[in-house]
Amino acid sequence: QVQLVESGGGLVQAGGSLRLSCAASGSIFSINDMGWYRQAPGNQRELVATITSGGSANYADSVQGRFTISRDNAKKTVYLQMNSLKPEDTAVYYCNAVVRVVGDIPRVYWGRGTQVTVSS
């Protein structure tokens, strides 16, 4: 009923920038928190940044000051602007959202992920 589709990943050199997007679609009544997580090979999935429906953002220490999360509620889309990228930012980035479908309680949904590779 709800799909989250990420886009914007790719290969970039260290120090470069990328902008990820994630659009939600389906029978959506409302969207609460949205966020980005990442998982590098051999590692657990970790929080990158989250943003409330009111626009309050929270960041992992490792990306604070380099990444910016934002959202467009009308477009049901969350963005992640990533600057000053480092090789250790290489991972699959997943979009996450707490979505209330018409007639249901809020549930957590995940996108399929987009690969970000930062070369040194």
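Strands here are DSSP runs of E with at least two residues, numbered from the N terminus. With that in hand, welcome to a quick tour of this predicted model. Arg-19, for instance, belongs to strand E3, and E3 also holds Cys-22, one half of a disulfide with Cys-95. The notes below go from the core to the bridge between cysteines, then on to rings, charges and backbone angles.

**The nonpolar core**

- The largest nonpolar core has 33 residues, and the members that touch the most others are Trp-36, Leu-80, Met-82 and Tyr-93.
- Strands E1 (2-7), E3 (18-26), E4 (28-39), E5 (46-51), E7 (67-72), E8 (77-82), E9 (91-101) and E11 (114-119) each supply two or more residues to this core.
- The biggest contribution to this core, six residues, comes from E9.
- As general background, nonpolar side chains in soluble globular proteins tend to be buried together.
- Setting aside neighbours within four places in sequence, Met-82 is in contact with Gly-16, Ser-17, Leu-18, Leu-20, Arg-66, Phe-67, Tyr-93 and Val-116. One of these partners, Tyr-93, is itself among the four residues that touch the most other core members.

**Ala-49 in strand E5**

- Ala-49 sits in strand E5 and has a relative accessibility of 0%, so it counts as buried.
- Beyond neighbours within four places in sequence, Ala-49 is in contact with Met-34, Gly-35, Trp-36, Asn-58, Tyr-59, Ile-69 and Leu-80.
- From Ala-49 to Gly-35 the C-alpha distance is 5.6 Å, with their positions 14 residues apart in sequence.

**Strand E1 and its partner E3**

- Side chains alternate along E1: Val-2, Leu-4 and Glu-6 point to one face and are buried, while Gln-3, Val-5 and Ser-7 point to the other and are not.
- Six bridges join E1 and E3, which pair in the antiparallel sense.
- Opposite Glu-6 in this pairing stands Cys-22 of E3.
- Ser-21 is also in E3; its relative accessibility is 17%, and because buried means under 20%, Ser-21 counts as buried.
- Leaving out residues up to four places away in sequence, Ser-21 touches Val-5, Glu-6 and Ser-7, and also Trp-36, Val-78 and Tyr-79.

**The disulfide**

- The count is one disulfide, formed by Cys-22 and Cys-95 with their sulfur atoms 2.0 Å apart.
- Which hand does the disulfide of Cys-22 and Cys-95 have? The torsion about its S-S bond is about -80°, so the disulfide is left-handed.
- Cys-22 is in E3 and Cys-95 in E9, so the bond ties together parts that are 73 residues apart in sequence.
- Both Cys-22 and Cys-95 are buried.

**An aromatic pair**

- There is one aromatic pair. The ring centres of Tyr-37 and Trp-110 are 5.0 Å apart and their planes stand at 65°; the edge-to-face class starts over 60 degrees, so this pair is edge-to-face.
- Tyr-37 is in E4 and Trp-110 in E10 (residues 106-110), so the pair ties together parts 73 residues apart in sequence.
- Trp-110 is partly exposed, at 36% relative accessible area.

**Charges over rings**

- Arg-19 lies over the face of Tyr-79, 4.1 Å from the ring centre. Its relative accessible area is 46%, which makes Arg-19 partly exposed.
- Apart from neighbours within four places in sequence, Arg-19 is in contact with Ser-7, Gly-8, Tyr-79, Leu-80 and Gln-81.
- Arg-19 and Ile-69 are 50 residues apart in sequence, while their C-alpha atoms are 9.7 Å apart in space.
- Over the ring of Tyr-94 sits the charged end of Arg-45, 3.7 Å from the ring centre.

**Positive phi outside glycine**

- Most residues other than glycine have a negative phi.
- Lys-76 has a positive phi of about 55° although it is not a glycine. Lys-76 belongs to the loop between E7 and E8 and is partly exposed, with a relative accessible area of 30%.
- Ser-84, not a glycine either, has a positive phi of about 50°. Its place is the loop between E8 and E9, and Ser-84 is partly exposed at 41% relative accessible area.

Methods
Residues are numbered from 1 along each chain as its sequence is written. This is a predicted model: local features need pLDDT of at least 70, side-chain atom pairs count only at pLDDT 80 or more; totals for chains, interfaces and linings use all residues. Side-chain values use heavy atoms; hydrogens and water are left out. A nonpolar core is a set of buried Ala, Val, Leu, Ile, Met, Phe, Trp, Tyr and Cys residues joined through side-chain atoms within 4.5 Å. Buried means under 20% relative accessible area, exposed over 50%, partly exposed in between (1.4 Å probe, protein chains only). Helices (H or I, at least four residues) and strands (E, at least two) are DSSP runs, numbered from the N terminus. Contact means heavy atoms within 4.5 Å. Two strands pair if DSSP finds at least two bridges between them. A disulfide is a pair of cysteine sulfur atoms within 2.5 Å. Rings of Phe, Tyr and Trp (its six-membered ring) pair if their centres lie within 6.5 Å; planes under 30 degrees apart count as stacked, over 60 as edge-to-face and the rest as tilted. A charge sits over a ring if NZ of Lys or CZ of Arg is within 6 Å of the ring centre and within 35 degrees of the ring normal.
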